[in-house]
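Look over the sequence and the model before reading on. The paragraphs below take up a surface patch, then the contact between two chains, then a single residue.

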Amino acid sequence: MSMMQQITLGQYLPGNSVVHRLDPRTKLLMAFGFIMVLFVITGGWMEYGILGLAALIVIYTAKLPLGMVLRGLRPILIILSLTIVLHIFSTHTGTLLFRLWFLEVYSGGVNQGFLLAARLVLLVLSTSVLTLTTSPIALTDAIEFVLKPFKRIGLPAHELAMMMTIALRFIPTLIEEAERIMKAQLARGADFESGGLIKRAKSLLPLLVPLFISAFRRADELAMAMEARCYRGGDGRTKFKVLRYTKLDFYAWTCFVAVSALAFYVSYAL
Amino acid sequence: MNKSTRNLVIISMLAGMSYILMFALQIPLIPAAPFLKYDPSDVPALIGAFLLGPVAGVVISFIKVALFFITKGTGGPVGSIQNFLASASFALVAGLVYKKMPTKIGALVSMVAGGLAMTAVMHISNATWALAAWGVPEDGRTAMLLTMILPFNLARMTVSTILTFPLYLGVMPILKRLGWSFNG
């Protein structure tokens, strides 16, 4: 089925660059930090220039194909252009550039529109680079680490990471299962791709009911297998791959702090 | 068998399903707002909330978004946070209402209540920070909230309910026949 083939698990590009070898916790926290910086600084072209240059250097060091990175921007293309257009026509500051019938375009509007677009692009780039250079499993580990401090207020960090790992492992299986059920129903004359919204939604039912039932059955079997291997939750559990910080992480944080400090300096002191 | 391990695995499966459904179908509901796309990923979260309680619905929503974030990472952080808030409020309120009224009518009522809660949460969060984060200018926000986001979320509630209700009716008797019991 065409729609199922479009789902590829992750966009991780394996590699051996410095960025790839950084601890996933470092990369996750840095991506969050980058987003924070983007929201805290008062945006100007200088600040975004510095952060954009830093992002480009990271992309270059990670040996990521630029086209692939830019493809990550596709989902926000519509809202990006909408933002720019809305700003161009609604912000009336600066000098009047030209008048199009009743629409007046001011330099301030153009500037503001593209500034906000630049911020949006940087926001998306930060998470794109993160997922392009870090495997989903490594990121799950990192998320578990980041959530651990919240255990005290009842957030089950280990269980959440465990569930993410199980879900990741079973997504391909569930897709296969869905394809099989789909073929079986097509052989019985089911029609999944024609008609309006309601009809298409209805046609999904003969697919979804067996899919859910089989997922529950799989869950039962897996839970049994986990119990048989004495799974008792997170307490006292050890890891096969233990995350360790290296010198690289120290250098990376130094660079990160330096770049953020520079952006703050330009933003508030200049 | 220990119920908590089984519930943990069931939640994982439903979250995986939610992730798949997020990509399987993405259609704009409101012609004027092509960037607001509907996906049926709320369906497994709602089923989870009915079977395992409201918290399960929230957890399923969280894992769906976390998985999307670590595998795709596209669309940036604002979309991810909004997606979680929407799904989680939908499933949480639906689960809470269904707990009080665990019947067929109750399921229907709970989904409408959950959908209205989602619409309210999305309205508030878009009005307070999300639209600003997307860079929408201030004087355009109110119009966008009322003409795009409000109708979109109501439509999202309707389609999700239309999908989930017959699925719930189809799945429940089979699970009962297989001798499964769910008590939170």
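A patch, as the word is used here, is made of residues with over 30% relative accessible area and no salt bridge, and nonpolar side chains are joined into one patch when they lie within 5 Å. The model is predicted, and chain A carries such a patch on its surface. Leu53(A), Leu56(A), Ile57(A), Leu66(A) and Leu70(A) make up this nonpolar patch, and together they have about 480 Å² of accessible area. Two elements of chain A, α4 (45-61) and α5 (66-71), each give two or more residues to the patch. The largest share comes from α4(A), with 3 residues. Leu56(A), one of the patch residues, lies in this helix α4 of chain A.

Next comes the contact between the chains. How many residues does each chain bring to the contact? Chain A brings 69 residues and chain B brings 60 residues. About 5,800 Å² is buried between chain A and chain B, and carbon and sulfur atoms give 84% of that area. On the chain A side, Met163(A), Phe212(A) and Phe216(A) supply 12% of the area that chain A buries against chain B, more than any other three residues.

Polar links across this interface can also be counted. There are 0 salt bridges between chain A and chain B, while 4 residue pairs are in polar contact, with both residues at pLDDT 80 or more. Several helices of chain A each supply at least two residues to the side that touches chain B, among them α3 (24-40), α7 (107-133), α9 (157-187) and α10 (197-228). Of the elements of chain A, α10(A) gives the most to that side, with 22 residues. Sorted by kind, the residues on the side of chain A that touches chain B are 51 nonpolar, 11 polar and 7 charged.

The last stop is in chain B. Val97(B) is part of helix α4 (residues 76-100) of chain B. Which residues does Val97(B) contact, leaving aside its neighbours within four places in sequence? They are Val109(B), Ser110(B) and Ala113(B). Ser61(B) is 36 residues away from Val97(B) along the chain, and the C-alpha atoms of the two are separated by 18 Å.

Note on methods
Residues are numbered from 1 along each chain as its sequence is written. Chains are lettered from A and ligands numbered from 1 in the order in which they are written. This is a predicted model: local features need pLDDT of at least 70, side-chain atom pairs count only at pLDDT 80 or more; totals for chains, interfaces and linings use all residues. Side-chain values use heavy atoms; hydrogens and water are left out. Contact means heavy atoms within 4.5 Å. Buried area is the accessible area (1.4 Å probe) that two parts lose on being put together, summed over both. A salt bridge is a side-chain nitrogen of Lys or Arg within 4 Å of a carboxyl oxygen of Asp or Glu. A polar contact is a pair of N or O atoms within 3.5 Å; within protein, one must be able to donate a hydrogen and the other to accept it, and residues adjacent in sequence count only if both atoms are side-chain atoms. Helices (H or I, at least four residues) and strands (E, at least two) are DSSP runs, numbered from the N terminus. Ala, Val, Leu, Ile, Met, Phe, Trp, Tyr, Cys and Pro count as nonpolar, Asp, Glu, Lys and Arg as charged, and the others, Gly among them, as polar. Patches are made of residues with over 30% relative accessible area and no salt bridge: like charges are joined within 9 Å, nonpolar side chains (Val, Leu, Ile, Met, Phe, Trp, Tyr) within 5 Å. Accessible areas come from the Shrake-Rupley method with a 1.4 Å probe; for residues, only the protein chains shown count as cover.
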